[in-house]
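Here's a quick tour of a single protein chain, written for someone who likes to poke at coordinates. Have a look at the structure first, then read on.

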Amino acid sequence: MKEVNKETLNNIHQTIELLRVQHDNIHGSQEQQWIQEHLTDEKLKQEVLNLSIVAFHILSALELGEQTGIEIAEKINVTRGGVTRAAKKLLQYGLIIAVKHPDDKKKLYYSLTSNGKKVAKVHDQMHETIKAELVDKLTAKYSMDELNIVANFLNDLYQLEQKFSV
């Protein structure tokens with residue numbers, strides 16, 4: 001069995017906990033704040049503070065076109081209930097619309113409004129900015145072998161976390 005450095009494991013655990021709680025900021029999550037800073041519409045700036053991370057990802061998913069809640073849930077890997085809750089807020093703020101098709105009265109189809117497209121675009125820009133910065137900073141500091149180890153570690157951690165999330 002490998003020797004375990006408890007301090008290293010504690011540091012990893014503390015970092016994971018910090019990542020989990022960063023969205024509890026009373027001034028909005030970092031994601032909300034970034035999006036707010038990059039929008040020009042004052043009304044939208046205020047509305048994004050009331051949206052969840054799931055809501056932003058729904059907006060981005062809907063850029064591909066009209067989808068049902070089930071399709072969105074599968075695409076962004078959240079529960080249908082999570083999509084339903086976030087969609088209610090998005091509908092409330094006029095960022096999406098929901099319609100039933102004449103040939104299928106059971107399913108509700110969501111699509112973006114013009115304001116929803118604006119927020120989705122800024123959300124996508126945020127992710128591209130983060131990705132570019134991560135690549136720059138991480139490849140400057142770590143070798144590809146080290147980054148592969150980290151990627152494998154994070155994947156293993158995700159798989160373990162899935163066992164405990166019921």
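## The strands

Let's start with a pairing: β1 and β3 run antiparallel to each other, joined over two bridges. One contact point to look up is Q67, whose bridge partner in β3 is Y110. Keep in mind throughout that this is a predicted model.

On to the other pairing. Strand β2 (residues 96-101) and strand β3 (residues 104-112) are also antiparallel, with five bridges between them. I96 has L112 as its bridge partner in β3, and I97 stands opposite S111 in that strand. The link from β2 to β3 is a hairpin, and two residues are enough to make the connection.

Put together, the three strands form an open sheet in the order β1-β3-β2, with antiparallel pairing. Which strands sit at the edges? They are β1 (67-68) and β2, each of which pairs on one side only. As background, strands of a sheet pair through backbone hydrogen bonds, in either a parallel or an antiparallel arrangement.

## The chain as a whole

Zooming out, the protein chain has eight helices and three strands. Reading from the N terminus, the elements go α-α-α-α-β-α-α-β-β-α-α.

How much of the chain is buried? Of the 166 residues, 28% are. As for contacts, take those between residues at least 6 apart in sequence: 54% of them join residues at least 24 apart.

## One side of α2

Helix α2 (residues 30-37) is a nice one to click through. Its buried residues are E31, Q32, I35 and Q36. These four span an arc of only 130° around the axis, so they lie on the same side of α2.

What do the buried residues of α2 pack against? Their partners are α3 (42-47), α4 (53-61) and α7.

## The second largest pocket

Now for some empty space. The second largest pocket holds about 260 Å³. Its lining is made up of L134, V135, L138, Y142, E146, L147, I149, V150, A151 and L154.

Where does that lining come from? Both α7 (114-141) and α8 (144-164) supply at least two residues each. The biggest giver is α8, with six residues.

If you're thinking about chemistry, the lining splits into nine nonpolar residues, no polar ones and one charged. E146 is among the lining residues, and because Glu counts as charged, E146 is the charged one in that split.

And that's the tour: an open sheet of three strands, a helix with its buried residues on the same side, and a pocket to which α7 and α8 each supply at least two lining residues.

Technical notes
Residues numbered from 1 in each chain as written. Predicted model: local features only at pLDDT ≥ 70, side-chain atom pairs only at ≥ 80, totals over all residues. Heavy atoms only, no water. 1 Å grid on protein atoms, 1.4 Å probe; cavity = no way out; pocket = protein on both sides within 12 Å on 5 of 7 lines; lining within 4 Å. Points joined across faces, edges and corners; volume = space filled by probe spheres on them. Pairing = 2+ DSSP bridges. Buried < 20%, exposed > 50% of the residue type's maximum accessible area, 1.4 Å probe, protein only. Arc of directions from axis to C-beta. Contact = heavy atoms within 4.5 Å.
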